[in-house]
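Reader: Please take me through one part of this model at close range. Then work outward to the whole. Keep it brisk, and give me the cut-offs as you go.

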Amino acid sequence: MEHLDYDTLNTLKQVMEDDFALLIDTFVQDSTDRISTLRAVIQGSDADLIRRAAHSFKGSSSNIGAPHLSSLCAALEKKALEKRLEALDVDLDSIEREFAQVMILLRSLP
């Protein structure tokens, strides 16, 4: 699966025009916060908090055109929904690695 959906990004760029860079910066900061939140809620055992945090990150990743990141968040959301809370830190590590890749690619956009 691709790290970025360039069709989605090109559409966003056309719509946002001069504010596109701000959109990318906001996504990066917001995602950094979301990862911290996920790391914190995964330490607990509240499946619904975990599910909601993963769902929220899934949506923002999808909206920015990061399909693989979105699918990793969806998998974490599904585990939380099913109350399968073991080894979620492994899933979060995968999310963090993918986010790092996405961030590099977003920052390199012209």
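## Lysine 79 and its surroundings

Author: Lysine 79 lies in helix H4. Helices here are DSSP runs of H or I with at least four residues, strands are runs of E with at least two, and both are numbered from the N terminus. The model is predicted: local features need pLDDT of at least 70, side-chain atom pairs need 80 or more, and totals for chains, interfaces and linings use all residues. Residues count from 1 along each chain as its sequence is written, and side-chain values use heavy atoms, leaving out hydrogens and water.

Is lysine 79 buried or exposed? Its relative accessibility is 18%, so lysine 79 counts as buried. The scale is simple: under 20% relative accessible area is buried, over 50% is exposed, and partly exposed is in between, with a 1.4 Å probe and protein chains only. Set aside neighbours within four places in sequence, and lysine 79 is in contact with Arg84, Leu88 and Asp91. Contact means heavy atoms within 4.5 Å. Leu88 and Asp91 fall within the range of helix H5, residues 88–107.

H5 also holds isoleucine 95. Residues up to four places away are again left out. Isoleucine 95 then touches Phe57, Leu69, Leu72, Cys73 and Leu76. Now the core. A nonpolar core is a set of buried Ala, Val, Leu, Ile, Met, Phe, Trp, Tyr and Cys residues joined through side-chain atoms within 4.5 Å. The largest one has 28 residues, and Phe27, Leu38, Leu69 and Ile95 touch the most other members. H1, H2, H3 (47–64), H4 (67–81) and H5 each supply at least two residues of this core. H2 gives the most, eight residues.

Phenylalanine 27 leads to another feature. The whole structure has one aromatic pair. Phenylalanine 27 and phenylalanine 99 have ring centres 6.3 Å apart and planes at 65°, so the pair is edge-to-face. Rings of Phe, Tyr and Trp (its six-membered ring) pair if their centres lie within 6.5 Å; planes under 30 degrees apart count as stacked, over 60 as edge-to-face, the rest as tilted. The partners are 72 residues apart, one in H2 (residues 20–43) and the other in H5. Phenylalanine 27 is buried at 5% relative accessible area. Phenylalanine 99 is buried at 6%.

Phenylalanine 20 belongs to H2 as well. Phenylalanine 20 is buried, at 7%. Beyond neighbours within four places, phenylalanine 20 is in contact with Leu9, Leu12, Lys13 and Leu109. C-alpha to C-alpha, phenylalanine 20 and leucine 9 are 9.3 Å apart, with their positions 11 residues apart in sequence. Glutamate 17, just after H1, takes a positive phi of about 50°.

Now the whole chain. There are five helices and zero strands. From the N terminus the order is α-α-α-α-α. The radius of gyration is 14 Å, close to the 13 Å that the globule rule gives for 110 residues, so the chain is as compact as a globular protein of that length. That radius is taken over C-alpha atoms; the rule is 2.2 Å times the number of residues to the power 0.38. The C-alpha trace spans about 40 × 25 × 20 Å along its principal axes. Of the 110 residues, 35% count as buried. Take contacts between residues at least 6 apart in sequence: 68% join residues at least 24 apart.
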